[in-house]
Amino acid sequence: MTRVAVNGVTGQMGGAVIEAATDSEVVVGFATSDTNAVDGVPVVDLADAAEALREYDVDVVVDFAVPEGALTVAEACVEAGVSMVVGTTGFDEDGMASLRDASEEVPLLKATNFSQGIQVLQRLVSEAVGTLDDYDLELMETHHNRKVDAPSGTANSILDVIQEERDVEPVYGREGHAPRDDDEIGVFARRAGDIRGEHELVLAGNDEVLSLSHRAEDRGVFAAGALDAATWLVGCDAGWYEFGDVVDA
Ligand SMILES: NC(=O)C1=CN([C@@H]2O[C@H](COP(=O)(O)OP(=O)(O)OC[C@H]3O[C@@H](n4cnc5c(N)ncnc54)[C@H](OP(=O)(O)O)[C@@H]3O)[C@@H](O)[C@H]2O)C=CC1
Ligand SMILES: O=C(O)C1=N[C@H](C(=O)O)C[C@H](O)C1
């Protein structure tokens, strides 16, 4: 069985990963504030991550935490020679560069969304935006009220896909008094309740509206995808990998 360490083990996704791990074994977790075991999994302070990766003979880290914590654990993975699956979102440019550096030393797979549906959505978005190339585009996402980064990592990834097809300028949370430009895309983030994650791209023009949307109904979908990615990643060469590599394999 693949031996997994979970970064952010005390969080919502940390719990979901422990619950979903049936074909792999979560042997240790990392967090900053809780040294108690979570569901029988020992919790180790981040500062001791490299030592714990060796002590618990970890094959791969699955990370759902915050950017600062993910980067600390990426350094520990490099030190201990352990693979890493990064699910945390909200990295700035420096953070992304640090992850790229780590991927030169160990296998590192990063995805803003580990659901298969979002993989398919991204392909549909690419085709739709490339075909309906003069339609107005508006992108919306909705998440639970505890989410700290906005727009979501997934919305940013969808925006990247759109910008590969069309030169559009994002307008975040539009306000004021002016008509929209043809080449802008409105991007909107809503936060409410315990909504797991909804994303929608609207393409409107020529007396018709096409809406492409996805709704996650349980965190288990992300946890299962991340664990699939973790099992797949072990034994790969050092390098940068994405969830599409796993889904297409
Ligand atoms: N890629 C994907 O498919 C998905 C990605 N996500 C992303 O995963 C991340 C976590 O989401 P969620 O579980 O809902 O968040 P939570 O707030 O529930 O959990 C965050 C976890 O990170 C820990 N943490 C906080 N600060 C640090 C730090 N400085 N270093 C290390 N760990 C820290 C927290 O524990 P403590 O404070 O005790 O240290 C906690 O265990 C977010 O970035 C979210 O966007 C979420 C779902 C799916
Ligand atoms: O924080 C969340 O919950 C989620 N975060 C990811 C994101 O930022 O896109 C993935 C998913 O939408 C849930």
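How many helices and strands are there in the protein? The protein has 8 helices and 12 strands. The structure on screen is a predicted model, and it scores ipTM 0.98 and pTM 0.97. The protein averages a pLDDT of 96, and 100% of the residues score at least 70.

**First view: the whole protein**

Begin with every residue displayed. The radius of gyration is 19 Å, close to the 18 Å that the globule rule gives for 249 residues, so the protein is as compact as a globular protein of that length. Along the principal axes, its C-alpha atoms fill a box of roughly 60 × 35 × 30 Å. Of the 249 residues, 42% count as buried. Among contacts between residues at least 6 apart in sequence, 66% join residues at least 24 apart.

**Second view: ligand 1**

Select ligand 1 next, together with the 28 residues around it. Those that come nearest are Gly-8, Gly-11, Thr-32, Ser-33 and Gly-69. Helix H1 (12-20) and helix H3 (67-80) are the elements that give two or more residues to this shell. The largest share, 3 residues, comes from H1. Colouring the shell by class shows 10 nonpolar, 15 polar and 3 charged residues.

**Third view: helix H1**

Keep H1 selected and hide the ligand. Which residues of H1 are buried? They are Met-13, Gly-14, Gly-15, Ala-16, Val-17 and Ala-20. To see what these buried residues pack against, add strand S1 (2-7), strand S2 (24-31), strand S4 (60-63) and helix H7 (220-233).

**Fourth view: strands S7, S10 and S11**

Now select strand S7 (residues 136-143) and strand S10 (residues 198-205), which run antiparallel and are joined by 7 bridges. Then add strand S11 (residues 208-215), which pairs with S10 in the antiparallel sense over 8 bridges. One residue of S10 can be followed in both directions: Glu-200 is the bridge partner of Met-140, and Ser-213 in S11 is the bridge partner of Glu-200. As a general point for viewing strands, the side chains in a regular strand alternate between the two faces of the sheet.

Move next to the hairpin of S10 and S11, which has 2 residues between the strands. Select Asn-206 in this hairpin, where it takes a positive phi near 50°.

**Fifth view: Thr-154**

Select Thr-154, which is found in helix H6 (residues 153-165). Is Thr-154 buried or exposed? Thr-154 counts as buried because it has 23 C-beta neighbours inside 10 Å, and 20 or more are required. Leaving aside residues up to four places away in sequence, Thr-154 touches Thr-112, Asn-113, Ile-118, Glu-141, Gly-197 and His-199. Display Ala-111 as well: Thr-154 and Ala-111 are 43 residues apart in sequence, yet their C-alpha atoms are 8.6 Å apart in space.

**Last view: Gly-95**

Finish at Gly-95, whose place is in helix H4 (residues 93-102). With 16 other C-beta atoms within 10 Å, Gly-95 is partly exposed. Beyond residues up to four places away in sequence, Gly-95 touches Pro-67 and Leu-71. A distance drawn from Gly-95 to Pro-67, C-alpha to C-alpha, comes to 7.2 Å, although the two are 28 residues apart in sequence.

Technical notes: Residues numbered from 1 in each chain as written. Chains lettered and ligands numbered in written order. Predicted model: local features only at pLDDT ≥ 70, side-chain atom pairs only at ≥ 80, totals over all residues. Near = placed C-beta within 6 Å. Helix = DSSP H or I, 4+ residues; strand = E, 2+ residues; numbered from the N terminus. Nonpolar A, V, L, I, M, F, W, Y, C, P; charged D, E, K, R; others polar. Pairing = 2+ DSSP bridges. Rg over C-alpha atoms; globule rule 2.2 N^0.38 Å. Buried ≥ 20, exposed ≤ 12 C-beta atoms within 10 Å, placed from the backbone. Contact = placed C-beta atoms within 7 Å. pLDDT = per-residue confidence, 0-100.
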